[in-house]
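Me: I would like to learn how to read a few features of a protein model, one after another. Could you give me the general idea each time and then turn to the case in hand?

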Amino acid sequence: MKVLFFGISKDIVGKSEMEISDFTKKPTVNDLKKYLKVEFPEFSKLTSFAVAVNSEYAKDDVSLERNDEIAVIPPVSGG
Amino acid sequence: MNKKIVEIVDAIDTSQVYAELSHPHSGGICVFVGTVREFTNKEEVVALEFETYKSMAIKELHKIADEACEKWQLNAVVLRHAVGAKNVEEPVVVVGASSAHRSECFEACRFLIDTLKERVPIWKKEIFKNKSVWVSAHP
């Protein structure tokens, strides 16, 4: 599944989009967050980070479908 | 029917907003403009760089405009944010509302900018002389 990265999360993974296929069963938002913290320990140092599914903030228990647009949302700082 | 303008742009023209918020049923217009400040914690900022997840940002901006129109009787609402590199004194965000009387548009304007800063997926990087920092990323 394809995941988009913005702001500091893009710097952490070194690219703006990444294909992740390491999950054995259908992952949830929480599974993706855990995966990122293991693969890229810098994620644990952030104030927080959210995941958006189809451009809406998604709760931890939401399942991720292969065709969803998934994005990592680090702490926002507009304005 | 109220007027709603939501945009992510490369550069902000602050002279547009009066005409956008002007409305025959309004007796007041309140506007907030966010600009690039020269110093953060006494350190000189060279520029700010803004990045967005545009499709989601537009969705969130629309939700904020709709929420404001539910809370207050507003005739027009504007939420516009710039992206890219911005220098000291340049405008980066303009929000505003117009209403029959001033109290509604004052309250709505504060809500618009506060909620934008809380929820809209836009990220700001402060560029100093010898380093750059993503704002709010770390505790």
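Reply: Let us begin with a cut-off: a residue is called exposed when its relative accessible area is over 50%, and buried when that value is under 20%, with partly exposed in between. Please keep in mind that this is a predicted model.

Me: Is B:Tyr18 buried or exposed?

Reply: B:Tyr18 has a relative accessible area of 60%, which is over 50%, so B:Tyr18 counts as exposed. In chain B this residue belongs to helix α1, which covers residues 17–21.

Me: Which residues form a nonpolar patch on the surface together with B:Tyr18?

Reply: B:Tyr18 shares the patch with B:Ile29, B:Val31 and B:Val33, and together the four have about 340 Å² of accessible area. The element that gives the most to this patch is strand β2 of chain B, residues 28–35, with 3 residues.

Me: How should I read a salt bridge, and how many are there over all chains?

Reply: The pair to look for is a side-chain nitrogen of Lys or Arg within 4 Å of a carboxyl oxygen of Asp or Glu. By this rule there are 16 salt bridges over all chains. One of them pairs A:Glu17 with A:Lys2, whose closest N and O atoms are 3.6 Å apart. Because A:Glu17 sits in strand β2 (residues 17–19) of chain A and A:Lys2 in strand β1 (residues 2–5) of chain A, this pair ties together parts that lie 15 residues apart in sequence. Both partners are partly exposed, A:Glu17 with a relative accessible area of 40% and A:Lys2 with 42%.

Me: What does the salt bridge between B:Lys59 and A:Glu56 join?

Reply: In that salt bridge the closest N and O atoms are 3.5 Å apart. B:Lys59 lies in helix α2 (residues 54–71) of chain B, whereas A:Glu56 lies in strand β4 (residues 56–58) of chain A, and therefore the pair joins two chains. B:Lys59 is partly exposed, with a relative accessible area of 31%, and A:Glu56 is partly exposed with a value of 31%.

Me: Where do B:Arg119 and B:Glu60 lie?

Reply: B:Arg119 is in helix α3 of chain B and B:Glu60 in helix α2 of chain B, so their pair ties together parts that are 59 residues apart in sequence. Their side chains meet in a salt bridge at 3.1 Å, N to O. B:Glu60 is buried, since its relative accessible area is 2%. Through shared partners, salt bridges join A:Glu56, B:Lys59, B:Glu60, B:Lys63, B:Glu67 and B:Arg119 into one network.

Me: How can I tell a cavity from a pocket?

Reply: In a cavity a probe fits but cannot get out, whereas a pocket is open. This structure holds 1 cavity of 30 Å³ or more, and the largest cavity has about 30 Å³ of space. Residues of chains A and B line this cavity, among them A:Ile8, A:Pro74, B:Trp123 and B:Trp134. By class, its lining has 7 nonpolar, 1 polar and no charged residues.

Me: What space lies in the largest pocket, and which residues are closest to its centre?

Reply: The largest pocket has about 260 Å³ of space. It is lined by 15 residues, of which A:Gly79, B:Thr35, B:Arg37, B:Lys117 and B:Lys124 are the closest to its centre. Its lining has 6 nonpolar, 4 polar and 5 charged residues.

Notes: Residues numbered from 1 in each chain as written. Chains lettered and ligands numbered in written order. Predicted model: local features only at pLDDT ≥ 70, side-chain atom pairs only at ≥ 80, totals over all residues. Heavy atoms only, no water. Patch = residues over 30% accessible without salt bridge, like charges linked within 9 Å, V, L, I, M, F, W, Y side chains within 5 Å. Areas by Shrake-Rupley, 256 points an atom, 1.4 Å probe, with all protein chains shown as cover. Helix = DSSP H or I, 4+ residues; strand = E, 2+ residues; numbered from the N terminus. Buried < 20%, exposed > 50% of the residue type's maximum accessible area, 1.4 Å probe, protein only. 1 Å grid on protein atoms, 1.4 Å probe; cavity = no way out; pocket = protein on both sides within 12 Å on 5 of 7 lines; lining within 4 Å. Points joined across faces, edges and corners; volume = space filled by probe spheres on them. Nonpolar A, V, L, I, M, F, W, Y, C, P; charged D, E, K, R; others polar.
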